[in-house]
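User: I'm new to this structure and would like to learn how to read it. Could you walk me through it?

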Amino acid sequence: MKKILATGGTGYIGSHTVIELINKGYEVEIVDNLFNSKITVLDQIEKITGKRPKFYEVDLLDGEKLDEIFAQGNYDAVIHFAGLKAVGESVEKPILYYRNNIDSTLNLLDVMKKYGVKELIFSSSATVYGVQSDPSYVETMKTGGEITNPYGRTKYFIEEIIKDYVVANPDFEATILRYFNPIGAHESGLIGEDPNGIPNNLMPIIMRVADGRIAKLQVYGTDYPTEDGTCRRDYIHVVDLAKGHVAALEHMKAGVSIYNLGTGKATSVKEMISAFEQASGKALPHEFAPRRAGDLAEMWANPSKAERELGWKTELTIADAMRDTINYLNH
Ligand code: NAD
Ligand code: WQD
């Protein structure tokens, strides 16, 4: 069985993936600087899986400490979740985002080369597609055009860096996973999305409205050219997404492979509110607000490449995600 290092493994997507990996018998270690996650996630992983992954509280920008981790790790593969992800903050602090996301990836590639670790899975994003004329996004589309924020550009640049790295290291196996909109939580209710600071994504905001920390959800835009006028996105249950990483790990091959991880279906903001209300049995306070800059009317994944090549497709629904989110909130 492969030994895996998960960077950012105490974060939202990382922690759910670590659980799926441990359940499949992989040995997993985590490096995270706890900038946007909590050490208690390790206790929850242990409760769910019976195993406590070895944990390094290290910033990936610290190349020396990263080297020490690899010197003893003997890893077969790295899943690189670590990064800053707040779109709005990235507009205000572009240097922070470029330095954190890009320099940490450069450090990682350097140390992987030094210790002969040849498999990398990278957490990319649908944001790399920018604006396209067709809302059903497919991996063959050109990336990098009209990305509206520095966060998105870090993902695009890192994808290009990985491609260049593979040209120079042809036996390297890189898989780039482009996530659509991850939501939901582990069915145990023990882990979920719990960002430090003020959230920007729809579901964490809905959660804070539900528990009273935010008074009302602002629905950004009701005049989009969609059926109900609100934006539509491809929301993917985080456990399905986590399983996509396991499938990717089982199908690594030399070169760069790129996969969309999404459901192939889009849901509007109004439909998300209704689904949450149905699952919770309570009204969700919300009001209609102007459009948010940079939002596209609609986008969803064409996930057929992942199904064809990785044998992976989503199984969970929006209703499942809402149920699990509420269960997590109640914990
Ligand atoms: P998250 O913030 O919950 O997890 C990221 C983790 O990385 C955090 O625990 C944080 O402390 C850690 N980290 C950040 N910079 C670090 C550094 N320099 N050194 C060590 N640790 C560092 O975010 P997430 O939602 O789990 O996202 C995981 C990855 O997936 C990110 O790269 C994100 O950009 C990408 N992604 C997320 C989404 C989404 O909507 N959640 C969508 C597409 C892509
Ligand atoms: C979803 C929908 C909003 C908040 C972002 C990143 C993308 C990826 C996923 C990392 C939109 C609406 C939101 C609110 C609202 N992340 N909304 N009121 O914008 O699709 O994608 O997260 O890679 O790169 O850009 O996700 O959750 O912010 O918004 O009405 O308070 O909810 O307008 O239609 P988005 P989101």
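Analyst: Let's start with ligand 2: one of its oxygen atoms lies 2.5 Å from a polar side-chain atom of Tyr151. Before going on, some ground rules: this is a predicted model, where local features need pLDDT of at least 70, side-chain atom pairs count only at pLDDT 80 or more, and totals for chains, interfaces and linings use all residues. Residues are numbered from 1 along each chain as its sequence is written, chains are lettered from A and ligands numbered from 1 in the order in which they are written, and side-chain values use heavy atoms, with hydrogens and water left out.

User: Which other side chains have a polar atom by an oxygen atom of ligand 2?

Analyst: Asp295 has a polar side-chain atom 2.6 Å from a ligand 2 oxygen, and for Ser125 the distance from a side-chain N or O atom is 2.8 Å. Taken alone, ligand 2 exposes 680 Å² (Shrake-Rupley method, 1.4 Å probe), and the protein buries 89% of that.

User: How many residues surround ligand 2, and of what kinds?

Analyst: A residue belongs to the surroundings if one of its heavy atoms lies within 4 Å. Here there are 19, and Tyr151, Leu202, Gln218, Arg233 and Asp295 come nearest. The shell divides into ten nonpolar, six polar and three charged residues; Ala, Val, Leu, Ile, Met, Phe, Trp, Tyr, Cys and Pro count as nonpolar, Asp, Glu, Lys and Arg as charged, and the others, Gly among them, as polar.

User: Which element gives the largest share of that shell?

Analyst: Helices (H or I, at least four residues) and strands (E, at least two) are DSSP runs, numbered from the N terminus. β9 gives the largest share, four residues. Both β9 (217-220) and α7 (202-210) supply at least two residues each.

User: Is Glu193 buried or exposed?

Analyst: Buried means under 20% relative accessible area, exposed over 50%, partly exposed in between (protein chains only). Glu193 has 9% relative accessibility, so it's buried. You'll find Glu193 in the loop between β8 (181-183) and α7. Its side chain makes a polar contact with that of Lys85 at 3.1 Å; within protein, that term means N or O atoms within 3.5 Å, one able to donate a hydrogen and the other to accept it, and residues adjacent in sequence count only if both atoms are side-chain atoms.

User: And what is the overall picture?

Analyst: The protein has eleven helices and 15 strands. Of its 331 residues, 54% count as buried.

Conventions. Buried means under 20% relative accessible area, exposed over 50%, partly exposed in between (1.4 Å probe, protein chains only).
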